[in-house]
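Here are my comments on the model. They cover the cores, the pockets and the cysteines, in that order.

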Amino acid sequence: LICFQPRPEAKLQLFCFPYAGGSASAFKLWADGLTEDIELCVIQMPGREERLGETLMTDMSMLVDNLVKEITSFSDRPFAFFGHSMGAIVAYETALKLRIIGARQPVHLFLSSRAAPHMQDKSNPLRFLDDASFIDHLHRTYGAVPEAIRQSEELRKVFLPILRADVELLETYAEETSEPLNCPITVLGGISDPAISKEMLTGWRTRTKSEFMQYEFPGEHFYINSEREEVIRSIIDDLSHN
């Protein structure tokens with residue numbers, strides 16, 4: 001867990017879960033946009049940035065068990081989760097696990113650019129594709145592979161194993177329980193996202209006994225970069241009602 005701007009006096013912590021291939025730095029600029037009473041804490045998974053030498057994780061239950069240990073030992077305040085794409089599934093599963101063990105649970109779940117578990121399409125798994133086809137498919141579908149990585153063999157050597165591990169994590173994941181959570185869920189997405197439809201996001205409605213909100217923003221799968229200020233504003237607004 002990384003807090004770019006520690007705020008020990010903050011009333012609430014916002015834990016952010018990165019997308020496939022992503023790292024904690026993807027959320028570094030978010031701290032500036034949040035109010036002083038919210039402390040930003042970002043998940044840094046093994047095998048990226050300062051954890052580059054560590055073994056990548058491809059098993060969802062193992063990852064979630066580790067996250068639950070970290071969060072329960074780290075947090076002494078109410079907290080909310082924000083997960084983008086792969087991070088949305090990881091955040092959701094972490095919330096479920098916290099409930100199972102009887103620990104403090106998030107006061108709000110923000111899930112971005114990811115279909116609800118029962119609406120996942122697993123008909124064409126990507127993890128068995130050769131490197132070129134794998135990169136091409138991911139980029140065409142999500143815009144997930146930056147130009148620099150596509151053009152550089154050196155960068156691909158670093159980036160591809162991370163992306164492959166994350167894709168395997170997602171493709172081998174199976175939801176064990178769909179019993180609704182007690183906290184409100186807000187889903188967010190890009191209007192022009194070629195991979196995630198409005199209906200796929202609406203599917204999350206069945207995963208909460210509480211309020212359900214849905215917002216659309218201009219942009220595609222990674223709308224959270226171009227619309228960062230508006231996204232943060234929506235999060236702050238929804239959290240003010242908790």
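Which residues of the largest nonpolar core touch the most other members?

1. This is a predicted model. Its largest nonpolar core has 50 residues. Those touching the most other members are Phe-17, Phe-81, Val-90, Leu-109, Leu-111 and Trp-204.

2. Several elements give two or more residues to this core. The strands are E1 (12-17), E3 (79-84), E4 (109-112) and E5 (185-190). The helices are H2 (60-74), H3 (86-100), H4 (131-142) and H6 (153-171). H3 provides the largest share, nine residues. As a general point, nonpolar side chains in soluble globular proteins tend to be buried together.

3. Take Leu-111 as an example. Setting aside neighbours within four places in sequence, Leu-111 is in contact with Gly-83, Ala-88 and Ala-91, among others. Its contacts also include Ile-185, Thr-186, Val-187 and Leu-188. Trp-204 is in contact with Leu-111 as well.

4. There is a second, separate core. It has 22 residues, including Phe-27, Val-42, Phe-217 and Val-231.

5. Now the pockets. The largest has a volume of about 610 Å³. Its lining comprises 28 residues. Nearest the centre lie Arg-114, Gln-120, Asp-121, Leu-126 and Tyr-142. H4 and H6 each supply at least two lining residues. By class, the lining has 17 nonpolar, seven polar and four charged residues.

6. The second largest pocket has a volume of about 300 Å³. It is lined by 17 residues, and Met-60, Ser-61, Glu-93, Ala-174 and Glu-176 are the closest to its centre. Here H2 and H3 each contribute at least two residues of the lining. The class split is seven nonpolar, four polar and six charged.

7. On the cysteines: how many disulfides are there? The count comes to zero. Cys-16 is in no disulfide, and the nearest cysteine sulfur, that of Cys-41, is 8.7 Å away. Cys-16 is buried, at 0% relative accessible area.

8. Why does Cys-41 form no bond with Cys-3? The sulfur of Cys-41 is 3.0 Å from the one in Cys-3, its closest cysteine sulfur, so the pair is too far apart for a bond. The cut-off for a disulfide is a pair of cysteine sulfur atoms within 2.5 Å. Cys-41 also counts as buried, at 0% relative accessibility.

Methods
Residues numbered from 1 in each chain as written. Predicted model: local features only at pLDDT ≥ 70, side-chain atom pairs only at ≥ 80, totals over all residues. Heavy atoms only, no water. Core = buried A, V, L, I, M, F, W, Y, C linked by side-chain atoms within 4.5 Å. Buried < 20%, exposed > 50% of the residue type's maximum accessible area, 1.4 Å probe, protein only. Helix = DSSP H or I, 4+ residues; strand = E, 2+ residues; numbered from the N terminus. Contact = heavy atoms within 4.5 Å. 1 Å grid on protein atoms, 1.4 Å probe; cavity = no way out; pocket = protein on both sides within 12 Å on 5 of 7 lines; lining within 4 Å. Points joined across faces, edges and corners; volume = space filled by probe spheres on them. Nonpolar A, V, L, I, M, F, W, Y, C, P; charged D, E, K, R; others polar.
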